[in-house]
Amino acid sequence: MDRIALLDNLRERVGAQAVLSPDDLAGRDPGWDTGNLGAAALVRPVTTADVAKLVAWCREAKIALVPHGGRTGLVGGAITGPEEIICDLGALDRIEEIDPQTRVAVVQAGVTLNALQEAARAHGLEPGIDLAARGSATIGGMISTNAGGIMAFRNGVMRHRVLGLEVVLPDGQVFCDLTRVVKTSAGYDLKHLFIGAEGTLGIVTRAVIKLDPLTGAGATALVGLNDAASAQRAIRYFLAQGGTSLRAAEIMWRSYALTTSRALGFTPGQLPLDAPCLLALELAADTFEQASAALESGLAAIWDEAQIIDGLVANSMQQAERIWRVREDTDVLYRLHPRAPSFDVSVPAGAIDDYVARIQADLKAIDAGFAPYVFGHLADGNLHIVFNVEGPLPAATNEAVERVLYTDLSAVGGSFSAEHGVGRKKRAAFERYADPVKRQLAQAVKTIIDPEGLLNPGKIVDPAS
Ligand SMILES: Cc1cc2nc3c(=O)[nH]c(=O)nc-3n(C[C@H](O)[C@H](O)[C@H](O)COP(=O)(O)OP(=O)(O)OC[C@H]3O[C@@H](n4cnc5c(N)ncnc54)[C@H](O)[C@@H]3O)c2cc1C
């Protein structure tokens, strides 16, 4: 089918308003990856039935479909080829229900995390998951990458927040399991197949999300320490205290904190950054004053034991925001080093300092100029590693880098992909570092559900041919 016939055909089937041509897409923000919008067309369905119709059309036309949410994914899961069609879930943006009694939200897939957080807040509730891309990342995208973020150490990852799911399958059927309860042991809990599947097994259209009560007012501190082990001591202390709850515990090694704070225009005196490791903490209590006081007394209590070098409890919203911007405005790294290679690993708690020291040394052996920025969600062992060079790396160098970063991780109980997924960028790593039996099973599942490879081809795994 030529391009004009394809667009006409699609418009007839799913509605003229909802179909964008490659010309319409030119100049639009592609999101985190420039390859996201290289499609034959972008379709914006508004209902689950529209999605099912689109899938049926694609199956007949033998054209592959790539689901898109907010396009904030970091592993190329939304990259779309010129022969493929984007299914953009952005118009499925209704929060259908917030039920304060059962503490659940029923949402369409295109609802942003921020929109759900705001709607839940009006009822004194929260979705229990948070990440810096909250303004654009959608619930459907977060389910599909099994996103983690800042609060995973206390509330789990997306998989633990999803109670029910509606998914359009590659054969056009709708898998509908909108369960609203935590407990269901009625056979295989198949919704979990689609969580973290990155749109390769089905298109998520609706979800039931578990909500938790908001934990009061939060106060923020920035603490300078010698290493991750000392930071973990501080975290354990605050986790054990009654009357307060630790909401975030983010680590930044010195070069990351200095680089982002400098790029953001903060002067050296504004934040205490002169330590090998910086720990940003958010502690919640009934009032801001109580939270601040608990942070201050807590830091004083563990100052010697954790060998704290310096510390600051933010006394204004502005100061707290500054601390969180240093941690969350990661895009400044990519402005300094365009397309900087980035990696996202999980390392068990006791192994973090050794891991960071080892990779820094081994990476230097590959290239003496490699001095990656390291930061992440310390309380659950998730480290982000962003290189101080322009990307992409030549294939052989990238393979050597992955060998340094990933070898032995699963043997010690970690993961080569903590929360970003596999997408296209980690596909080779999936083939090299995932358990072979897991890979076989993954391919068998893909082959059963999507034998023709209609959904998001080239990501995670292809069906057996
Ligand atoms: C600044 C920044 C900070 C981030 N911080 C974190 C963090 O702390 N923790 C974390 O886990 N992640 C983080 N991320 C990455 C994270 O993966 C995404 O933010 C989010 O989970 C993806 O949501 P999205 O709507 O943007 O999905 P997209 O990027 O649009 O898509 C991601 C993948 O999901 C698929 N997909 C999207 N929607 C659907 C759907 N409805 N049905 C089926 N498949 C679908 C796509 O095909 C693709 O494979 C961060 C990203 C940025 C840019």
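This is a guided tour of the structure above, with selections to make one after another in the viewer. The model is predicted, and residues are numbered from 1 along each chain as its sequence is written.

**Stop one: the ligand and its shell**

Begin by selecting the ligand together with its surroundings, a shell of 36 residues in which the closest are P67, G70, T72, G73 and T138. If you colour that shell by class, you should find 14 nonpolar, 19 polar and 3 charged residues. Which elements supply at least two residues of the shell around the ligand? Among them are strand β3 (65–68), helix α5 (139–145) and strand β10 (203–210), each of which does so. Helix α5 gives the largest share of the shell, 5 residues.

Next, show the individual atoms and look at three places where the protein and the ligand meet. At G73, a polar backbone atom is 2.7 Å from an oxygen atom of the ligand, while at H377 it is a polar side-chain atom that lies 3.3 Å from a ligand oxygen. At E419, an N or O atom of the side chain is 2.9 Å from a nitrogen atom of the ligand. Taken alone, the ligand would expose 970 Å², and the protein buries 95% of that area.

**Stop two: R71, in the loop after β3**

Now select R71, which has its place in the loop between β3 and β4 (85–88). Is R71 buried or exposed? With a relative accessibility of 17%, R71 counts as buried, because the cut-off for that class is under 20%. Add D88 to the selection, and you can trace a polar contact of 3.4 Å between the side chains of R71 and D88.

**Stop three: the sheet that contains β10**

Return to β10, which also supplies residues to the shell around the ligand, and extend the selection to its sheet. Here 5 strands form an open sheet with antiparallel pairing, in the order β5-β6-β10-β8-β9. The edges are taken by β5 (95–99) and β9 (174–177), and each has a single partner strand, so one side of each is left without a neighbour in the sheet. From one strand to the next, the twist averages 10°.

Within this sheet, pick out β8 (residues 162–168) and β10, which run antiparallel and are joined by 6 bridges. To find one position along that pairing, select G164, which stands opposite V208 in β10.

**Stop four: the sheet of seven strands**

Move on to another open sheet, in which 7 strands follow the order β15-β12-β14-β13-β17-β18-β16 with antiparallel pairing. At its edges stand β15 (310–313) and β16 (342–346), each with a single partner strand, so one side of each has no neighbour in the sheet. Neighbouring strands here are turned against each other by 15° on average, with direction ignored.

Select strand β14 (residues 277–285) and ask how many of its 9 residues are buried. The number is 8, so β14 is largely enclosed by the rest of the structure. Strand β12 (residues 217–225) pairs with β14 in the antiparallel sense over 9 bridges, and G224 has L278 of β14 as its bridge partner. Strand β13 (residues 245–253) also pairs with β14 in the antiparallel sense, over 8 bridges, and in this case E250 has A280 of β14 as its bridge partner.

From β12, you can also step to the edge of the sheet, since β12 and β15 pair in the antiparallel sense over 4 bridges. One position to mark there is V223, whose bridge partner in β15 is G311.

**Stop five: backbone details in the loops**

Finish with three places where the backbone deserves a careful look. Select G391 and P392, which are joined by a cis peptide bond with omega of about -5°; P392 has its place in the loop between β18 (382–386) and α15 (395–406).

Then select N146, in the loop between α5 and α6 (152–155). Its phi is near 50°, a positive value in a residue other than glycine, and at 17% relative accessibility N146 counts as buried.

Last comes D408, which lies in the loop between α15 and α16 (427–433). The phi of D408 is near 75°, again a positive value in a residue other than glycine, but at 54% relative accessibility D408 counts as exposed.

Conventions
Predicted model: local features only at pLDDT ≥ 70, side-chain atom pairs only at ≥ 80, totals over all residues. Heavy atoms only, no water. Near = heavy atom within 4 Å. Polar contact = N/O pair within 3.5 Å; in protein donor to acceptor, adjacent residues only side chain to side chain. Areas by Shrake-Rupley, 256 points an atom, 1.4 Å probe, with all protein chains shown as cover. Nonpolar A, V, L, I, M, F, W, Y, C, P; charged D, E, K, R; others polar. Buried < 20%, exposed > 50% of the residue type's maximum accessible area, 1.4 Å probe, protein only. Pairing = 2+ DSSP bridges. Axes fitted to C-alpha atoms, helices over the stretch in contact; angles between N-to-C directions.
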